[in-house]
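Here are my notes for you, written as a colleague might jot them down. Keep the structure open beside you and find each residue as it comes up.

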Amino acid sequence: MPFLSSPITFDRFARLLIALAVVLSLWFAVSYLSPVLIPFAAAGVLTYLLNPVCNFLQHTCRLRYRVVCVLLTIALAFAVVVGLLWLCVPPIVHELSLLKDAAIAYFTDHGQNNASIPDAVRHMVDSQFADVDVVSLLESDNVQGLVKEVLPPVWALFRSAASLLVSVVASLIGLLYLFFLLLDYERYRRSWQQLVPAKYRPLARQVVGDIIHYMCGYFRGQFFIALSNCVMFTLGFLVIGFPMPVALGCFIGIISFVPYLQLFGILPATLLALLEASKTGENFWLLTLGMLTVYVVVQVIQDTIVTPRVMGHIMGLSPAIVLLALTAGAFVGGIGGLMVSLPLTTIALTYYRRYVVRDGAPPANV
């Protein structure tokens with residue numbers, strides 16, 4: 001590129017500083033306006049995901065009016081979400097009631113009626129709940145008090161998420177963004193380049209093309225991977241007769257949106273195996289072995305079949321780089337940093353190879 005190969009002069013250095021100041025100003029402005037921009041950004045991602053459906057209705061099904069296609073697309077998306085909730089929520093509610101009985105059975109005798117439960121595991125669980133009368137809380141039907149008493153961080157997170165969800169649902173601004181973006185998606189996709197000076201348009205097309213290819217492609221791929229993990233883990237736990245198969249499978253599938261985070265599901269799964277062994281008298285080790293077998297089988301299927309077919313060569317990062325990017329992203333940006341760390345790392349490495357190493361990596365133009 002001429003911009004990168006030209007010699008460094010004072011004038012060019014001053015322009016670079018001005019550009020850096022503009023970027024920092026934009027960064028602070030975006031941070032300040034984030035409550036307003038987040039619904040728009042979420043609507044933009046949904047627009048990218050739903051536009052193929054809208055185009056299918058318009059061009060393949062030959063529906064004449066774009067607005068009809070947009071309304072049908074949004075209705076289909078809501079129908080899918082409602083259908084998934086209708087399938088998943090009732091079994092989860094039922095499983096939670098069974099979990100209450102299992103917890104009462106365990107904390108009544110502390111698992112001493114089942115010799116397969118290791119003493120070390122029993123002592124570790126008892127020490128964590130030593131200051132809480134779990135049985136009284138459970139038998140009093142004060143579930144809210146139980147969550148507040150036993151799991152205060154989870155309760156705080158739940159309250160924050162619930163208030164955020166209520167505020168988003170209460171305002172239809174995000175839905176309006178989605179409607180208008182879908183309605184004029186093709187025009188926006190073509191006309192944004194007119195806002196960029198002519199000599200910078202090739203570079204802008206490359207940058208935007210790379211962002212769409214890696215960022216949006218990553219999120220869309222991870223969505224399908226998480227959905228497939230929900231199904232596979234749920235079916236696997238159902239086959240081996242593991243407790244709370246739907247709730248646990250959905251939980252592990254959702255957290256697997258971030259690579260390797262599904263491993264944290266082993267902790268609640270082990271606790272469920274402990275409660276089930278105490279309640280039914282089943283062997284704790286066999287339950288745990290079955291759970292780990294499901295983990296291994298699903299991970300092998302994901303790594304050998306699902307991920308290569310869904311993600312293709314979008315990421316191309318080694319496991320060490322993936323773990324480093326996730327750790328750095330979590331340290332810098334928390335949950336948000338975890339979600340965007342991998343695509344940003346991929347884009348950075350791609351530009352390094354393309355313009356520094358010059359290995360001829362092709363740009364993704366729009």
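What follows is a set of numbered points, going from the whole chain down to single residues.

1. **What kind of model.** Before anything else: this is a predicted model. Keep that in mind as you read the values below.

2. **The whole chain.** You'll be looking at helices here: the chain has 15 of them and 0 strands. Of its 366 residues, 33% are buried. Now take the contacts in the chain with a separation of 6 or more: 67% of them come from residues 24 or more positions apart. As for the outside, the accessible surface comes to about 22700 Å², and carbon and sulfur atoms account for 74% of that.

3. **Aromatic pairs.** The count of aromatic pairs is 6. One of them is F233 with Y295, an edge-to-face pair with 5.0 Å from centre to centre and 65° between the planes. Why call it edge-to-face? Because planes over 60 degrees apart go by that name, and this pair has 65°. F233 sits in helix 11 (residues 201–240) and Y295 in helix 14 (residues 284–311), so the pair ties together parts that lie 62 residues apart in sequence.

4. **Around that pair.** Are F233 and Y295 buried or exposed? F233 is buried, with a relative accessible area of 1%, and Y295 counts as buried too, at 5%. Try clicking on F237 and F242 as well: together with F233 and Y295 they form one aromatic cluster.

5. **A nonpolar patch on the surface.** Now turn to F13, L16, L17, L20, L24, W27 and F28. These residues form a nonpolar patch on the surface, and together they have about 800 Å² of accessible area. Take F28 as an example: this residue is in helix 2 (residues 10–32), and F28 is exposed, with a relative accessible area of 59%.

6. **The salt bridge.** Side chains of opposite charge can pair when their charged atoms come close. How many salt bridges are there? The count is 1. The partners are R187 and D184, with their closest N and O atoms 3.5 Å apart. That makes the cut because the limit is 4 Å. Both ends are partly exposed: R187 has a relative accessible area of 46%, and D184 has 25%.

7. **Two residues with positive phi.** Which residue in the loop between helix 3 (34–60) and helix 4 (66–109) should you look at? It's R62. R62 isn't a glycine, yet its phi is positive, at about 60°. R62 is also exposed, with a relative accessible area of 71%. Then find M244, in the loop between helix 11 and helix 12 (245–255). M244 is another residue other than glycine with a positive phi, near 50°. But whereas R62 is exposed, M244 counts as buried, at 11% relative accessibility.

8. **Cysteines.** How many disulfides are there? The count is 0. C230, for instance, is in no disulfide, and its nearest cysteine sulfur, that of C250, is 5.0 Å away. A disulfide needs the two sulfur atoms within 2.5 Å, so C230 and C250 don't qualify. Both are buried all the same: C230 has a relative accessible area of 15% and C250 has 14%.

Methods:
Residues numbered from 1 in each chain as written. Predicted model: local features only at pLDDT ≥ 70, side-chain atom pairs only at ≥ 80, totals over all residues. Heavy atoms only, no water. Phe/Tyr/Trp six-rings, centres within 6.5 Å; stacked < 30°, edge-to-face > 60°. Helix = DSSP H or I, 4+ residues; strand = E, 2+ residues; numbered from the N terminus. Buried < 20%, exposed > 50% of the residue type's maximum accessible area, 1.4 Å probe, protein only. Patch = residues over 30% accessible without salt bridge, like charges linked within 9 Å, V, L, I, M, F, W, Y side chains within 5 Å. Areas by Shrake-Rupley, 256 points an atom, 1.4 Å probe, with all protein chains shown as cover. Salt bridge = Lys/Arg side-chain N within 4 Å of Asp/Glu carboxyl O. Contact = heavy atoms within 4.5 Å.
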